[in-house]
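Me: Could you walk me through one helix and how the rest of the chain surrounds it? I'll keep the questions short.

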Amino acid sequence: EIMWSVLEEEKFELTDIGYPSKALTIEEARLCDREMQPWLKGSMYSCPDPTCLKCNKPDQARKRKLIEILRSDANQRARHEQIDKAFEGQESVILMTVNTGQIHLFINWVCSCDRFGIPVRNSTYMVPTDAKAAEVIRKNGFVSLPLDWISELGFTIDSKYEGADNAGWNPHMQGHSDINSVTVIVGNDIIQKGYTLLLHDVDIVWKQDPRGWLKDAAVHRDLLAMFAPRWDALGVANSGFVWLKSNRRTKIFIQTLENLLPIKGISDQQLWNAVIRHYRFRQIGFRVLPLQQFQLLYDHTLRKWDQVGGHAIVVHGVSHRKTYRLAKAKLWFFDETCDAYDRDLIPCNGDYFADHCKI
């Protein structure tokens, strides 16, 4: 069997169907075209206009502003210089964006890595969206994007977080949407500069370092993602944990994601899946990560944790009541034994199992 070299692959001409030769615009992607996208209950892409542009215009303006400010020459240049200096020699970069409302979950991830002896500070890029989160990140020795750009937005990114109720409503969803948009923009920087990107939610713990496993699994693949166990056609990629190699295909892919942010609505996960399954991106090498090693912490998982927990490399506290689920599974490491412990940041006064503790 003859294997192409990377150089030969980079020279190969991409086709119009299967992979675009440049990033798609909103008009080209036509995410609301009923012949291309499933119009399902809960879908963000059920606008009568095939381009989606005639719907949800206030949110479009907000996302365009995020792109405008973060992509200004001064902000982009400073960010690129910081990335080059901080991660020189690194093969991959972990990226997380966080506000004060979820800073306790970030610290729990830090404590899990410290507990199991996994070095992460020299390869993690943190993007805080408020001053308190920035101070906690700095105090714990992580590289952090300065907050200068925040004051240029003309609006505030919500610093609070409250878990969704039983109907799925969270009063701070707009802030969550903003944070995920920022993550895509900064993640695009990392990919364009040639690093492998581990895009990472904060409600995750590591029992082992997953990066070696992910690198091996990504041979001849572009993108690995945690499993989203949906029963409908909205997509199976969980955008809260994505391993994205840097190559010609992924540079086009993530630039397309950034271009489409104005029409994404609340859910970044629906956008990721819409682009992965888009007919123009059929040649992307995508794999869902195995659930046994990359666990999702649902209620049914808790009931059989003794059977499957021992196999986990990474555990993701998905859905609502994240702190409760992590504590119930004995995966709450943010305590007095952790060097990052700060009593003032402990949620719910430490009563994680109380009904009022929704975070």
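Reply: Sure. Contact here means heavy atoms within 4.5 Å, and helices (H or I, at least four residues) and strands (E, at least two) are DSSP runs numbered from the N terminus. This is a predicted model: local features need pLDDT of at least 70, side-chain atom pairs count only at pLDDT 80 or more, and totals for chains, interfaces and linings use all residues. Residues are numbered from 1 along each chain as its sequence is written, and side-chain values use heavy atoms, leaving out hydrogens and water.

Me: Within what arc do the buried residues of helix 6 fall, seen down its axis?

Reply: Helix 6 covers residues 131-139, with Ala133, Ala134, Val136 and Ile137 buried (under 20% relative accessible area; exposed is over 50%, partly exposed in between, with a 1.4 Å probe and protein chains only). On the other side, Ala131, Arg138 and Lys139 are exposed. Taking directions from the helix axis to the C-beta atoms, the buried residues line one face of the helix because they fall within an arc of 165°.

Me: Which elements do those buried residues pack against?

Reply: One of the partners is a helix, helix 5 (103-115). The buried residues of helix 6 also pack against three strands: strand 1 (92-98), strand 2 (124-128) and strand 3 (143-144).

Me: Which residue caps the N-terminal end of helix 6?

Reply: Look at the backbone nitrogen of Lys132. A side-chain oxygen lies 3.3 Å from that nitrogen, and the oxygen belongs to Asp130.

Me: What percentage of the protein chain's residues is buried?

Reply: The chain has 13 helices and 10 strands. Of its 359 residues, the buried share is 57%.

How values were computed
Polar contact = N/O pair within 3.5 Å; in protein donor to acceptor, adjacent residues only side chain to side chain.
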